[in-house]
Amino acid sequence: MIFADYFPMWDQLTPAQQEQLSGAAVKRSVKKDVILHNGSMDCLGLVLICSGQLRAYIFSDEGREITMYRLFERDICLFSASCIMQSIQFDITIEAEKDSEVWIIPPDIYKKLMTESAPLANYTNEIMASRFSEVVWLIEQIMWKSFDKRLAAFLLEESALEQTKILKITHEKIASHMGTAREVVTRMLRHFQSDGLVRLSRGTIELLDPQKLENTV
């Protein structure tokens with residue numbers, strides 16, 4: 001996959017604009033658990049994911065994490081360049097969930113090109129709208145869906161992502177994703193275990209009955 005493939009409107013940019021965009025981008029390897037962007041304290045730039053997996057999350061007033069969305073190959077992260085959108089300020093932290101390779105476009109270059117190119121500005125707005133939809137969906141889940149359904153959905157999503165029924169993930173990590181306390185996660189997982197849905201062991205969760213978990217959701 002080449003750099004131009006990240007932008008479906010690439011051919012609508014002028015050759016000079018294409019050169020500015022590709023010439024300014026820097027490719028970077030990021031190890032698992034490394035934080036790329038730390039809230040509003042920095043403005044890293046636009047992040048294009050070549051490979052791997054990133055996680056965008058926020059902190060509650062109590063210091064708990066909650067995952068807003070995840071980013072995979074070919075995804076673009078805008079909130080790491082929130083400084084180019086002055087009306088939007090998000091204290092979002094971006095962390096590598098797996099070893100990843102990314103392109104980073106400096107925010108000043110991208111902002112300049114957005115003012116010059118309507119197709120690029122429109123594409124950026126489409127990405128922003130998509131991310132807001134994910135955030136609104138998350139808020140709806142938290143407000144209206146019971147925790148057992150949310151946890152079942154999370155386990156199924158993890159199983160699909162990792163392509164295995166044996167998940168190597170701690171209760172603490174699940175709590176960070178879901179914005180709750182570890183004790184709440186442990187209590188519900190034990191309930192799932194008593195119902196024959198999962199088997200718990202140190203650092204792993206085995207899905208015994210994915211179909212029944214799906215019915216829970």
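**A tour by helix and sheet**

Start by selecting helices α4 and α6, which are roughly perpendicular to each other. Keep in mind as you go that this is a predicted model. To find the pair, pick residues 147-162 for α4 and residues 182-194 for α6. Their axes lie 11 Å apart and the helices pack at an angle of about 80 degrees; angles of 65 to 115 degrees count as roughly perpendicular, so that's where the description comes from.

Now show the side chains where the two helices meet. On α4, light up Phe147, Asp148, Leu151, Ala152 and Leu155. Facing them from α6 are Val184, Val185, Met188, Leu189 and Phe192. Sort this contact by class and you get nine nonpolar residues, one charged and no polar ones.

Next stop: helix α3, residues 118-144. How far does α3 reach from its first C-alpha to its last? Its 27 residues cover 38 Å, close to the 39 Å expected at 1.5 Å a residue. Colour its buried residues, among them Leu120, Tyr123, Ile127, Met128, Val135 and Leu138. Arg131 and Gln141 are on that buried list too. What do the buried residues of α3 pack against? Bring up β5 (65-71), β6, α2 (107-116) and α4, and you have the answer.

Since β5 is now on screen, move to its sheet. Four strands make up this open sheet, in the order β2-β7-β4-β5, with antiparallel pairing. At the edges sit β2 (35-38) and β5, each pairing on one side only. Ignoring direction, neighbouring strands here are turned by 20 degrees against each other on average. Zoom in on β4 (residues 54-59) and β7 (residues 93-96), an antiparallel pair joined by four bridges. Click Arg55 and you'll find its bridge partner, Glu95, in β7. Then add helix α5 (residues 171-178), which packs on this sheet and touches β4, β5 and β7. The direction of α5 makes about 80 degrees with that of β5.

Last stop: the sheet that holds β6. Here four strands line up as β1-β8-β3-β6, again an open sheet with antiparallel pairing. Which strands are at its edges? They are β1 (26-30) and β6 (76-77), each of which pairs on one side only. Select β3 (residues 46-51) together with β8 (residues 100-105) to see an antiparallel pair joined by five bridges. Finish at Leu48, and look across to Trp103, which stands opposite in β8.

Methods: Residues numbered from 1 in each chain as written. Predicted model: local features only at pLDDT ≥ 70, side-chain atom pairs only at ≥ 80, totals over all residues. Heavy atoms only, no water. Pairing = 2+ DSSP bridges. Axes fitted to C-alpha atoms, helices over the stretch in contact; angles between N-to-C directions. Parallel < 35°, antiparallel > 145°, perpendicular 65-115°, else oblique. Contact = heavy atoms within 4.5 Å. Nonpolar A, V, L, I, M, F, W, Y, C, P; charged D, E, K, R; others polar. Expected span 1.5 Å × (residues − 1). Buried < 20%, exposed > 50% of the residue type's maximum accessible area, 1.4 Å probe, protein only.
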